[in-house]
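Please open the structure in your viewer and keep the selection tool at hand. The stops below take you from one selection to the next.

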Amino acid sequence: MVPSTSALQANLLTVRERIARACERAGRRPDSVLLLAVSKTFPAEAVRAAADAGQRDFGENYVQEGADKLGLLADPALVWHFIGPVQSNKTRTIAQCFQWVHTVEREKIARRLSEQRDPGLPPLEVCLEVNISGEASKSGAAPDGVFELAEAVAQMPRLRLRGLMAIPEPTSDEALQGARFARLRELLESLKRRGHDVDTLSMGMSADLEAAIMEGATIVRVGTAIFGERRV
Ligand SMILES: *Cc1c(COP(=O)(O)O)cnc(C)c1O
């Protein structure tokens with residue numbers, strides 16, 4: 001289903017207001033948080049409508065779906081972020097099509113992305129995904145493996161290490177939720193202390209962007225609150 005242009009405009013306005021209010025409460029500037037519109041499962045027309053409403057950054061989880069969509073739109077003003085699990089047989093397409101990858105969790109994958117990034121393009125902007133809530137089933141590097149991974153990624157010529165990303169397990173326990181976001185912020189601070197030039201905390205989605213902003217999120221990844229419920 002394609003949400004109407006007017007619905008998209010209204011939803012984007014609402015989400016931007018939520019971000020602005022959260023920034024105000026956190027004592028942060030509203031432009032310190034980038035809104036990433038997660039367009040997975042929605043067609044190119046929905047992205048076009050959101051772009052016409054002023055949205056620039058889009059996130060996709062599935063390599064082929066994202067590559068098809070950005071190819072159809074062929075709009076150099078849009079910025080595409082890959083936020084899904086990275087399989088090694090898909091790294092080439094990701095390296096060629098996207099400007100950002102939020103979900104690097106292994107050195108081997110990072111190395112492939114760097115090797116496959118076209119030298120004519122700017123370096124790929126990379127966040128390391130961290131398994132912040134510690135479930136065995138969750139993706140992301142273990143928190144204590146992040147420093148080694150960051151060292152390796154920082155050396156890769158076609159990647160630019162920007163920061164950390166997490167998808168904490170949903171919880172209604174607000175204190176626990178805040179503590180997980182805070183943990184990611186503390187890890188980013190540790191990377192800075194170790195000399196890494198990092199500035200990005202990709203955390204917070206439709207349901208929890210306020211809590212993430214309170215703990216320092218610089219990119220919130222929002223799907224449902226912009227495009228509506230996914231049918232999948
Ligand atoms: C789908 C997805 C989102 C968006 O989630 P919503 O709850 O729809 O806002 C954000 N981040 C990742 C990694 C996702 O896969």
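Begin by selecting the ligand together with the residues around it, of which there are 13, a residue being near when one of its heavy atoms lies within 4 Å of the molecule. Among these, K40, N61, S206, G223 and T224 come nearest. This is a predicted model, in which local features need pLDDT of at least 70 and side-chain atom pairs count only at pLDDT 80 or more, while totals for chains, interfaces and linings use all residues. Residues are numbered from 1 along each chain as its sequence is written, and side-chain values use heavy atoms, with hydrogens and water left out.

Keep this shell selected and colour it by residue class: 6 of its residues are nonpolar, 4 are polar and 3 are charged, where Asp, Glu, Lys and Arg count as charged, Ala, Val, Leu, Ile, Met, Phe, Trp, Tyr, Cys and Pro as nonpolar, and the others, Gly among them, as polar.

Next, select three side chains in turn and look at their polar contacts with the ligand (pairs of N or O atoms within 3.5 Å). In S206, a side-chain N or O atom is 2.5 Å from an oxygen atom of the ligand; for K40 the corresponding distance to a ligand oxygen is 2.7 Å, and for R230 it is 2.8 Å. The ligand taken alone exposes 390 Å², and the protein buries 89% of that, with areas from the Shrake-Rupley method and a 1.4 Å probe.

Now leave the ligand and select R56 and D57, whose side chains meet in a salt bridge at 2.9 Å, N to O; the term means a side-chain nitrogen of Lys or Arg within 4 Å of a carboxyl oxygen of Asp or Glu. R56 counts as partly exposed because its relative accessibility is 44%, whereas D57, at 3%, counts as buried (buried is under 20%, exposed over 50%, partly exposed in between, with a 1.4 Å probe and protein chains only).

Finally, select R160 and E125, whose side chains form a salt bridge at 3.5 Å, N to O.

Terms used. Polar contact = N/O pair within 3.5 Å; in protein donor to acceptor, adjacent residues only side chain to side chain.
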